[in-house]
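This briefing covers the cores, the empty spaces and a few single residues of one protein chain. Please have the sequence and the structure open while reading.

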Amino acid sequence: MESISMGELLEWKETRQFWCYPLLPHKSTMFLAAPPKMYKTILAMQFAYKLVAGGDFFGWDIGKRVDRLLYCEQEIGRPETRDRIARMHAHFKVDGISERVRFITRPKVRFSLDIGSKGFENLENEIRDYKPQVVFIDPFRKITSKDENSSTEMTKVFAAMTALQEQYDLTFVVVHHSGKPSDNRKQGTPDAMRGSSEIFGHGDTYGMLVKPSNSDVDIDINFEFRHAPHCDPLHLTFDQSVGVFREREKEKVVSNIDKFKDLTKGLKHGKI
């Protein structure tokens, strides 16, 4: 690395590139976090599918589709992963992407971000051999044996992640759990994520899943970005018939004036 003058810096023309603007900059880390049983793995798989298929992700443009994506699934196993991605593929029907995604599904020796472990060696070997551009980790708590509440331990984990990013030019998407509501954990914000504040400090993008109602299939996603302006929440519903998320229809907001007009209309016609 060499220093440059302020004048050279001001003349520097390179701009930040995105896999999907504004969600996923190149060589960044994105966290998708939610309480249990909120379909976060399916949402992550759908995002991975769209990144290699190209086009857009709920209206956000995927400028250049990903050529090689590694999905490191360490919880549900191969049969369930196969069933979920099969339904997704049957719905979207995008040709020519089968070889663009590789899955690691709950291997005997778990992949790890703990430097010096066999799991880290296996993860780095897979990255070196396959040369993915984007790596999904699902879930975070299974990729390290370290205490996620320890700032010291999490600093080491993220140092390992950063080293892999720099050496292999990687972008990470990490699926994580959020904690129970409390005075210190405001739901729908990165503060709600389980573990040390180092987790919040490391990310570039945070997608926080929350339930907007008692519905089992509706979710809202609140975003926070380090490298892009604020955007409105994403309102989704899980379509159980096809196994993918779709945008939820916007609810009509009825103002007090409209309610008064409806009331007077009913009085005028003798219906009230």
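The points below go from the nonpolar cores to the pocket and cavity, and then to three loop residues.

The model is predicted. Its largest nonpolar core has 46 residues, and a second, separate core has 30. The largest pocket holds about 250 Å³ of space, and the largest cavity about 50 Å³. Helix α2 has a part in the largest core, in the lining of the pocket and in the lining of the cavity.

**Nonpolar cores**

- Within the largest core of 46 residues, F47, L51, L69 and F136 have the most contacts.
- Helix α2, which spans residues 40-53, contributes ten residues to this core, the most of any element.
- L69 is in contact with A48, L51 and V52, and also with R100, V101 and R102. Its other contacts are Y130, P132, V134 and F136; residues up to four places away in sequence are not counted.
- The second core is separate from the largest one, and among its 30 residues are I137, I143, M154 and M193.

**Largest pocket**

- The lining of the largest pocket is made up of 14 residues. Those nearest the pocket centre are K37, K40, T41, E75 and R84.
- By class, the pocket lining has seven nonpolar, two polar and five charged residues.
- Helix α2 provides the largest share of this lining, namely three residues. Strand β9 (171-177), like α2, supplies at least two.

**Largest cavity**

- Rolling a probe the size of a water molecule over the atoms reveals where space is left empty.
- One cavity of 30 Å³ or more is present in the structure, and about 50 Å³ of space lies in the largest cavity.
- The residues lining the largest cavity are L23, M30, L32, L43, F47, F57, I221 and F223.
- Two or more of the lining residues come from each of β3 (29-34), α2 and β11 (218-225).
- The cavity lining consists of eight nonpolar residues, with no polar and no charged ones.
- F47 appears in the cavity lining and is also among the residues with the most contacts inside the largest core.

**R248**

- R248 sits in the loop that runs between β13 (244-247) and α7 (256-268).
- Its side chain makes a polar contact of 2.8 Å with the side chain of D220. The R248 side chain also reaches the backbone oxygen of I219, at 2.9 Å.
- Beyond four places in sequence, R248 touches P212, D218, I219 and D220, together with H235, L236 and T237.

**V242**

- V242 lies in the loop between β12 (234-239) and β13.
- V242 counts as partly exposed because its relative accessibility is 24%, which falls between the limits of 20% and 50%.
- Outside its neighbours up to four places away in sequence, V242 touches R87 and H91.
- V242 and R84 are 158 residues apart in sequence, yet their C-alpha atoms are 9.8 Å apart in space. R84 is one of the residues nearest the centre of the largest pocket.

**S178**

- S178 is placed in the loop between β9 and α6 (197-202).
- With a relative accessible area of 8%, S178 is buried, since the limit for buried is under 20%.
- Neighbours within four places aside, S178 is in contact with A34, P35, Q187, A192, M193, R194 and M208. Of these, M193 is also listed in the second core.

Conventions:
Residues numbered from 1 in each chain as written. Predicted model: local features only at pLDDT ≥ 70, side-chain atom pairs only at ≥ 80, totals over all residues. Heavy atoms only, no water. Core = buried A, V, L, I, M, F, W, Y, C linked by side-chain atoms within 4.5 Å. Buried < 20%, exposed > 50% of the residue type's maximum accessible area, 1.4 Å probe, protein only. Helix = DSSP H or I, 4+ residues; strand = E, 2+ residues; numbered from the N terminus. Contact = heavy atoms within 4.5 Å. 1 Å grid on protein atoms, 1.4 Å probe; cavity = no way out; pocket = protein on both sides within 12 Å on 5 of 7 lines; lining within 4 Å. Points joined across faces, edges and corners; volume = space filled by probe spheres on them. Nonpolar A, V, L, I, M, F, W, Y, C, P; charged D, E, K, R; others polar. Polar contact = N/O pair within 3.5 Å; in protein donor to acceptor, adjacent residues only side chain to side chain.
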